[in-house]
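Let's take a walk through this fold, starting with its sheet and ending in its cores. Keep the structure open as you read.

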Amino acid sequence: MARVARVQICNFRSIRHLDWLPKPGFNCLFGPGDSGKSAVLEAIAWCLSSNVTRAATDADFYQLDTSQPIEISLVVADLPGELGALEPFGSFHCGFNSETGDIEDEPSRDLETALSVTLRIDQSMQGLWRLNSSRIDDENHCREMASRMLRRLSLLQLQGENASELTFGRGSVLFNLTDDRLELSGALAEAARAARDQFGDAANAQLEATLDRVREIANNLGIDAAADASASLDASQTTLRPGHIALQDRYSVPLTRLGLGSSRLLIAGLQQEAATGADVGLVDELESGLEPHRIVRLLQALGAKQKEAPLQVFATTHSPVVIRELNAGQLVRVRNNDGVMTMPRMDASDGLQGTLRSYPEAFLAKSVIVCEGAGEEGLLRGLDLYRIEQEHRSLTAVGASLVNAGGYKKILGCAEAFHALGYRVAILRDDDRQPDPDREGTLTNQGCVLAKWPPDYALEHALFLGLPAETGLELVRRAIERYGEETIDAQVSNKLQRDTFDFGRAQLMGQLTEPERSACAEAAKSKERSWFKDRGVGVMEEIAREIIGPAQDHSEEWFQAEIDRLFDWASYAGD
């Protein structure tokens, strides 16, 4: 099975330049809209199609500049059969280094034997293909051999209209699925004759008056051939071919009418069983027309879950279901900066796999806020909901996503991984336990935003000591609703040491004393009975929306500064 080992694209649609080394197996492109993901698939399809009649338009040139030609070059490795033979392709073989992407003029023991093909489109708008070789000067020969090479590659396209794949036309998945090549010409010719005869019998009866006039006029003009004219289908226009044979359901409805998602799923399943499978598959918007469970089935049918992939697949997605189901090595994040496209590799060794499973939406965002734990995540979710009620733009509207790192020891690893992939990254953490200062300093020097509480403060300290004293009383009331007044009084009294806490007395005063605020902070973060973190993000989200948000305007300056830092950064969104 041949594979595309290198992709180079210049001046095609939104891509001014791309040089990419795709992996064998599954390559799923994701990233912001209009970044050029679909253009990459289309470029590969154009270059491998060998469609010499293909015509481009001005809109296919980068920024409509037709003075700069479109050039799409692919290196094809793992050459099968004839393509790897010395005759007739030996003089076009090159040596390819899959690690560096370097191409040598001739193969060698340490390099893969490959072929390099280029499609060039200039102002004439016509595509010219050539096999690249420094040993051949004859352009016509280079073009002829490119056509011969491309005819020996099989391309499975699940993009837009897939109806032809569900017929027995040459090159379709049904054609490839047929083990014995059926001799259908005779049967199709006989079917065409029968159709003409049957149509003629019915048509002649309905057109009798018209036919009589035709015969009379022909006789008067002396045209003997039309003197006995009858109506039938034009034999020159009713030739039937294998491509006219299509699958149908129990009601005789052609399966070419299947919905986009169902047809893709069926074609992918058939492809796995085909006697001569495709080399390369292209699937734009992989999730289109499919429910989540059928998205998973399509991934399976395309070989995404197999150790030995049946074909090399290039796909695009905006679906968190796809992100969650694939492993990190199968995902490619697309970045496009003024037409220069880059695709940094994602590897499971980056520690991203768990985050992919838990927070796939984050990988589809522009910006990521890495939260130390569920409390910080809940706080920002709740404040975001409160801000929406105050007619601020939501975090999702500005393309920001929240990720729970699962503890202070994991914050930096998570932030570093997202930063390495080109995301805008911010961190929100406690300061009672600190991560490695050197690693954190490196991240902030590289542009990551850090929001944290004062020295030695946990989130609970920030809430009870950063918000007004009367707000702290409301926080205690919420804890009592969950655990009972006796339990909360005992917890806080234990932290006061020299005094006892009486919630009723505090209510009468209308606020907590300074020692009580500190004691409540310590009691609230107790591992035995955390007041706000023992049920994931839900409890803190509710408190942040209903209590913390409304109290922000009267909070300590440092508290408001850290919250503003994050929301202002997210709202900027890098635009």
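## The sheet

Two strands count as paired if DSSP finds at least two bridges between them. With that in hand, have a look at the open sheet in this predicted model: it has 5 strands in the order β9-β10-β11-β3-β12, and the pairing is parallel. Which strands sit at the edges? They are β9 (155-158) and β12 (331-333), each of which pairs on one side only. From one strand to the next, the twist averages 15 degrees.

To see one pairing up close, pick β10 (residues 280-283) and β11 (residues 312-316), which are joined in the parallel sense over 4 bridges. Gly281 has Val313 of β11 as its bridge partner. Then there's helix α1 (residues 37-49), lying across β3 (26-30), β9, β10 and β11. Relative to β11, helix α1 runs at about 140 degrees.

## Two helices at an angle

Next, helix α15 (residues 469-483) and helix α16 (residues 485-496): their axes come within 7 Å and cross at roughly 125 degrees. That angle falls outside the 65 to 115 range for roughly perpendicular and isn't over 145 either, so α15 and α16 are oblique to each other.

Who makes the contact? On the α15 side you'll find Val476, Ala479, Ile480 and Tyr483, while α16 brings Glu485, Thr487 and Ile488. Sorted by class, that contact has 5 nonpolar, 1 polar and 1 charged residues.

## The nonpolar cores

In soluble globular proteins, nonpolar side chains tend to be buried together. Here the largest nonpolar core holds 52 residues, and the members touching the most others are Phe464, Val476, Trp531, Phe532 and Ile548. Helix α19 (residues 538-551) gives this core its largest share, 7 residues.

Ile548 is a good one to click on: setting aside residues up to four places away in sequence, Ile548 touches Leu379, Leu383, Leu463, Leu467, Met540, Ile543 and Phe559. There's also a second, separate core of 50 residues, with Ala2, Phe92, Trp129 and Leu155 among its members.

## A buried glutamate

Is Glu562 of helix α20 (residues 557-572) buried or exposed? Glu562 has a relative accessible area of 11%, and the cut-off for buried is under 20%, so Glu562 counts as buried. Ignoring neighbours within four places in sequence, Glu562 is in contact with Leu450, Ala451, Lys452 and Trp453.

Key
Residues are numbered from 1 along each chain as its sequence is written. This is a predicted model: local features need pLDDT of at least 70, side-chain atom pairs count only at pLDDT 80 or more; totals for chains, interfaces and linings use all residues. Side-chain values use heavy atoms; hydrogens and water are left out. A nonpolar core is a set of buried Ala, Val, Leu, Ile, Met, Phe, Trp, Tyr and Cys residues joined through side-chain atoms within 4.5 Å. Buried means under 20% relative accessible area, exposed over 50%, partly exposed in between (1.4 Å probe, protein chains only). Contact means heavy atoms within 4.5 Å. Axes are lines fitted to C-alpha atoms, for helices over the stretch in contact, and angles run from 0 to 180 degrees between N-to-C directions. Angles under 35 degrees count as roughly parallel, over 145 as roughly antiparallel, 65 to 115 as roughly perpendicular and the rest as oblique. Ala, Val, Leu, Ile, Met, Phe, Trp, Tyr, Cys and Pro count as nonpolar, Asp, Glu, Lys and Arg as charged, and the others, Gly among them, as polar.
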